[in-house]
Amino acid sequence: MDDPVVCLEFFSGIGGLHYGFEQSGIPGTVAMAFDMNENANTVYEHNFGLRPNNRAIDYLETADIDKYSANCWLLSPPCQPYTRGGKYLDDEDDRARGLIHLIEMLPKLRNVPRYVFLENVMNFENSQSRTRLVETLGTLGFEVNECLVSPVQMGVPNNRLRYFLIAQRRWAADDVENAARTTKYLARGADAVHKDWPFGPAVKSIDAVCAIPLSSYIDASLDAVESLRVPQSAILKRQRLEFDIVRASSAQTSTFTKSYGSRNLIGSGSLLQTRNLDVVENGFGAPERLLDLGIRFFSPKEVALLHHFPYRAADSPVADGRHYLGFPASLTQRQQLQLLGNSLNVKVVAELIRHILFA
Ligand SMILES: C[S@@+](CC[C@H](N)C(=O)[O-])C[C@H]1O[C@@H](n2cnc3c(N)ncnc32)[C@H](O)[C@@H]1O
C-alpha cells in the first residue's frame, strides 16, 4: 500500500463498513458517507462526527465523488432487489438504481478507486447487478474476489451468511488483457464465488460448538426490561409456525433482520428464553406453551455486540481514538433494532479487509 487509504462509504447506514475498516487496523480515513435514511445518518453523525450526504446516490455526479480523491470504496447497497421479498427484480428494481448508477459512473471518474469492497445478501452472486459490477471492474483492470461468509465461520454465535466482493486494481485500464480476463472470469458464473474461503467451512448445525459462547453477548439484567418482552398477543397469533427460540447456552442465533423487535416474530431473528430453561419448546401448534418461558427480544446492545460493533452505552462516542457505536436518545428501541437489522457483521468485514483487500 503506497498512498494513505481514503474511503468513501456508500449506503452507509450506521457505518458498519466504517467500523470494519477501522477494526481492520489499516491506516486511513473515511472522507464521506452517503445514505438517504435520516435516522441512520443521525446515528452515524452521533458516533463519527460526520453527517453523511443524504442525497439519493442515484443522483450523484462524478464531481461529487472525484472531489474527495478517494482510493477506496466501501458499499453495502440495498438487498431487496436480490431477495424473494423484493421479487428478485435485480437491476430492474428501483432500489438497485443507486448501485447501477455508481457502476456506470466508475469508468467516467477522474479518481477511479484502487480498492472496492461490497457487501450484500446471498444470491447477489446470481444477479445481473453483480455481472455488471464485475464486468466494469474487470474492464478497468481490477482483480475480483468474491465469497460467501457467515460470522459463525469465525466463531461468532450468529448466522448471517452474506456475499462479499473484494476488488483491487492490478492492471492498467488500457491493458489489452482486461477484457479477455473478465470474460473468462464471468464464464465461471457463481462458481467463481468462494464458499469455504477464507475462514473455513460454515458451521451449519444449530447445535454446533462455536468458539465464543452466546452467553458472553447476553446481559441478563435486561431480562426484566418490559420493552424487550415479546407481547403475549403476538405469540398467541402464530398457531402453525415454529418460533426460533434460543437460550444463553445455545450455540447460535439466526440472522437479525430489519423487522426484528416488531410483531413480525417469525424469520426476523432469534428470541431469547429467560425462564424455565429446562423446557425446550418451539410453540408449533400450541404457542401458549411459550408464555411461561420469559421470551424476550435481544436488546439493541446485544444485537450490536453479536454484530461485533464496538458498542458503548455512554454518551461520548469517541474514546481512546476509536469510534464506538452508541444510539442517540431520540431513537426508539425499535428504530435501533431496525438499523442494526440492516447492518452487518463488523468482524467479518474487518478480517476480509485486512486479509484480502490489503494483503
Ligand atoms: C443494507 S443497508 C446498509 C447498512 C450499512 N452497511 C450499515 O452498517 O448500517 C442499505 C442502506 O442504503 C440506503 N440507501 C438505499 N438506497 C439508497 C439510495 N438510492 N441513495 C442513498 N442511500 C440509499 C438505505 O437507507 C440503507 O441505510
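Guide: A polar contact is a pair of N or O atoms within 3.5 Å. The model here is predicted, and its ligand gives some cases to test.

Visitor: What makes the approach of glycine 16 to the ligand a polar contact?

Guide: A backbone N or O atom of glycine 16 is 2.9 Å from an oxygen atom of the ligand. The cut-off is 3.5 Å, so the pair qualifies. Isoleucine 14 also places a backbone N or O atom 2.8 Å from an oxygen atom of the ligand. For methionine 36, the partner is a nitrogen atom of the ligand, 3.2 Å from a backbone N or O atom.

Visitor: How much of the ligand does the protein bury?

Guide: The ligand taken alone exposes 600 Å², and the protein buries 90% of that. There are 17 residues around the ligand, and Ile14, Gly16, Asp35, Asp58 and Ser76 come nearest.

Visitor: Why is the pair of phenylalanine 10 and phenylalanine 34 called stacked?

Guide: The search of the whole structure finds 14 aromatic pairs. In the pair of phenylalanine 10 and phenylalanine 34, the centres are 4.9 Å apart and the planes are at 15°. Rings pair if their centres lie within 6.5 Å, and planes under 30 degrees apart count as stacked, so both conditions are met. Phenylalanine 10 belongs to strand E1 and phenylalanine 34 to strand E2, 24 residues apart, and their pair links distant parts of the chain. Both phenylalanine 10 and phenylalanine 34 are buried.

Visitor: What makes the pair of tyrosine 19 and phenylalanine 309 edge-to-face?

Guide: The ring centres of tyrosine 19 and phenylalanine 309 are 5.3 Å apart, with the planes at 75°. Edge-to-face needs planes over 60 degrees apart, so the name applies. This pair links distant parts of the chain too: tyrosine 19 is in helix H1, and phenylalanine 309 is in the loop between helix H8 and strand E10, 290 residues apart.

Visitor: How do you know whether tyrosine 19 is buried or exposed?

Guide: Tyrosine 19 has a relative accessibility of 2%. Buried means under 20%, so tyrosine 19 counts as buried. Phenylalanine 309, with a relative accessible area of 2%, is buried by that rule as well.

Visitor: Why is strand E4 described as largely enclosed by the rest of the structure?

Guide: Strand E4 covers residues 115-121, and 7 of the 7 are buried, so the rest of the structure largely encloses this strand.

Visitor: How do you know that E4 pairs with E3 and with E6?

Guide: Two strands pair if at least two bridges are found between them. E3 and E4 run parallel with 4 bridges, so they pass. E4 and E6 share 7 bridges in the antiparallel sense, so they pass too. Within these pairings, phenylalanine 117 of E4 is the bridge partner of leucine 74 and stands opposite isoleucine 166 in E6. E3, helix H4 and E4 also make a right-handed β-α-β unit.

Visitor: What makes E7 and E9 edge strands?

Guide: The strands E7-E8-E9, in that order, form an open sheet of 3 strands with mixed pairing. E7 and E9 each pair on one side only, and they are its edge strands. E7 and E8 run parallel, joined by 2 bridges, so the minimum of two is reached. Valine 246 has leucine 272 in E8 as its bridge partner.

Note on methods. Residues numbered from 1 in each chain as written. Predicted model: local features only at pLDDT ≥ 70, side-chain atom pairs only at ≥ 80, totals over all residues. Heavy atoms only, no water. Buried < 20%, exposed > 50% of the residue type's maximum accessible area, 1.4 Å probe, protein only. Right-handed = clockwise from strand over helix to strand, strands pointing away. Near = heavy atom within 4 Å. Polar contact = N/O pair within 3.5 Å; in protein donor to acceptor, adjacent residues only side chain to side chain. Areas by Shrake-Rupley, 256 points an atom, 1.4 Å probe, with all protein chains shown as cover. Phe/Tyr/Trp six-rings, centres within 6.5 Å; stacked < 30°, edge-to-face > 60°.
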